[in-house]
Amino acid sequence: VTLTRNNSAKFEDRWVWCKVNPNSKTPFLKGIDVLPLPVRHGEGKLIIGDEKIEKGILEKGLNCLSYCDAEGNVTGEYPLNPNGADLNCAGLTNETGQVFGLMPHPEAFLSLYNHPNWGQLKRRNPNVSEDGEGLKIFKNIVEYIISRKGRKDANRNE
């Protein structure tokens, strides 16, 4: 498995939609189904050079985040899949779910105002949260760490 140049052979700096694999074990995507995220890369194409490895990734739900359309339909069509990644993979995790690698940039969508259409989103729904949807991932990470710490502390007190 490796990362290489996008099929477009150019740097891509724009927004895409990503779908969470419901079979994924990562706690970092808890409560998320589909989310918009920016991509900013020229080398984001995941290539899986071995059928056995690809089959294992699918069977274990390690392909935790896939490129999709706005309705959540996973696709390999450009420009929805900005790089041509195998399995339409935007994010990959290990079997524990604690190692989480992805190509889109949730850290670039921490605030609603990071979204290029934030004004339109606000006009459609004046009560929309000012949190960006990428922030959900980081909140899940913090929640997971706190829950793990709580379990460790409880085990020490026994």
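Strand β2 (residues 12–20) pairs with β3 in the antiparallel sense, over eight bridges. Strands here are DSSP runs (E, at least two residues) numbered from the N terminus, and two of them pair if DSSP finds at least two bridges between them. Along this pairing, Cys-18 stands opposite Leu-35 in β3.

A word on what you are looking at: this is a predicted model, in which local features need pLDDT of at least 70 and side-chain atom pairs count only at pLDDT 80 or more, while totals for chains, interfaces and linings use all residues. Residues are numbered from 1 along each chain as its sequence is written, and side-chain values use heavy atoms, with hydrogens and water left out.

**The sheet as a whole**

Now step back to the full sheet. It is open, has five strands in the order β3-β2-β5-β6-β7, and its pairing is antiparallel. At the edges stand β3 (34–41) and β7 (100–102); each has a single partner strand, so one side of each is left without a neighbour in the sheet. On average, neighbouring strands of this sheet are turned by 30° against each other, direction ignored; the axes behind that angle are lines fitted to C-alpha atoms, and angles run from 0 to 180 degrees between N-to-C directions.

Moving on from β2, four bridges join this strand to β5, and the two run antiparallel. Trp-17 stands opposite Cys-68 in β5. Strand β5 (residues 63–68) is mostly covered, with six of its six residues buried. Buried means under 20% relative accessible area, exposed means over 50%, and partly exposed lies in between (1.4 Å probe, protein chains only). On to the next strand: β5 and β6 (residues 89–93) run antiparallel and are joined by three bridges. Here Ser-66 stands opposite Cys-89 in β6.

**Backbone points in the loops**

Most residues other than glycine have a negative phi, and most peptide bonds are trans. With that in mind, which peptide bond is cis, with omega near 10°? The one from Tyr-78 to Pro-79, and Pro-79 is found in the loop between β5 and β6.

Two residues other than glycine have a positive phi listed below.

| Residue | Phi | Loop | Relative accessibility |
|---|---|---|---|
| Ala-9 | near 60° | between β1 (2–4) and β2 | 66%, exposed |
| Asn-88 | near 55° | between β5 and β6 | 18%, buried |

Ala-9 counts as exposed because its relative accessibility is 66%, whereas Asn-88, at 18%, counts as buried. Asn-88 lies in the loop between β5 and β6, where Pro-79 is also found.
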